[in-house]
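I opened this notebook to record what I looked up in one protein chain. The entries go from the overall fold to the surface and then to a pocket.

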Amino acid sequence: MPKLNFRLDEALHTAVARRARGANLPLSVFIRQVLEQAVDERKRYVFSSQDEILATSIQILSILATSVGQQSPKALEQGMAQARSILLERGLLGEGDHP
């Protein structure tokens, strides 16, 4: 199997490593899958098998957040802050998506 060796600037390395952690994959496996996606003629998202689960989860959480927000805006605010923190830690928020 051929090996590749290349350099990344620090910011790109940090971002890619964060995304790999968010996908619960070793960095090399994540990069290999991203490269496979880049040459896939169908141009599909590498992790598309999880898209339906993600969409359903977002709908459920949206309904739950609406209900909690109506009953206790403070609890909703605290929960959203905690969620942002977890998403940021896992590299699932962009730089402009958090305070």
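The entries below follow the order in which I looked things up.

**Entry 1, model and fold.** I note at the outset that the model is predicted. I looked up the secondary structure and found four helices and zero strands in the protein chain. Read from the N terminus, the elements run α-α-α-α.

**Entry 2, burial and contacts.** I then checked burial: of the 99 residues in the protein chain, 9% are buried. I also looked at contacts with a separation of 6 or more, and 31% of these join residues 24 or more positions apart.

**Entry 3, surface.** I recorded an exposed area of about 8400 Å² for the protein chain, with carbon and sulfur atoms supplying 58% of it. I next searched for nonpolar patches and noted one formed by L4, F6, L8, L12 and L35. Together these residues have about 500 Å² of accessible area.

**Entry 4, L12.** I located L12, a member of this patch, in helix α1 (residues 10-22). Its relative accessible area is 42%. I class L12 as partly exposed because this value falls between the 20% limit for buried and the 50% limit for exposed.

**Entry 5, second largest pocket.** I looked up the volume of the second largest pocket, which is about 370 Å³. Its lining consists of M1, P2, K3, L4, F6, L8, H13, L27, S28, I31, R32 and L35. Which helix gives the largest share of this lining? I found that helix α2 (residues 27-39) does, with five residues. I also noted that L4, F6, L8 and L35 are among the patch residues and among the lining residues of this pocket.

Key:
Residues are numbered from 1 along each chain as its sequence is written. This is a predicted model: local features need pLDDT of at least 70, side-chain atom pairs count only at pLDDT 80 or more; totals for chains, interfaces and linings use all residues. Side-chain values use heavy atoms; hydrogens and water are left out. Helices (H or I, at least four residues) and strands (E, at least two) are DSSP runs, numbered from the N terminus. Buried means under 20% relative accessible area, exposed over 50%, partly exposed in between (1.4 Å probe, protein chains only). Contact means heavy atoms within 4.5 Å. Accessible areas come from the Shrake-Rupley method with a 1.4 Å probe; for residues, only the protein chains shown count as cover. Patches are made of residues with over 30% relative accessible area and no salt bridge: like charges are joined within 9 Å, nonpolar side chains (Val, Leu, Ile, Met, Phe, Trp, Tyr) within 5 Å. A salt bridge is a side-chain nitrogen of Lys or Arg within 4 Å of a carboxyl oxygen of Asp or Glu. On a 1 Å grid over the protein atoms alone, a cavity is a set of points where a 1.4 Å probe fits but cannot get out, and a pocket is an open set with protein on both sides within 12 Å along at least five of seven lines; lining residues have an atom within 4 Å of a point. Grid points are joined across faces, edges and corners, and a volume is the space filled by probe spheres set on the points.
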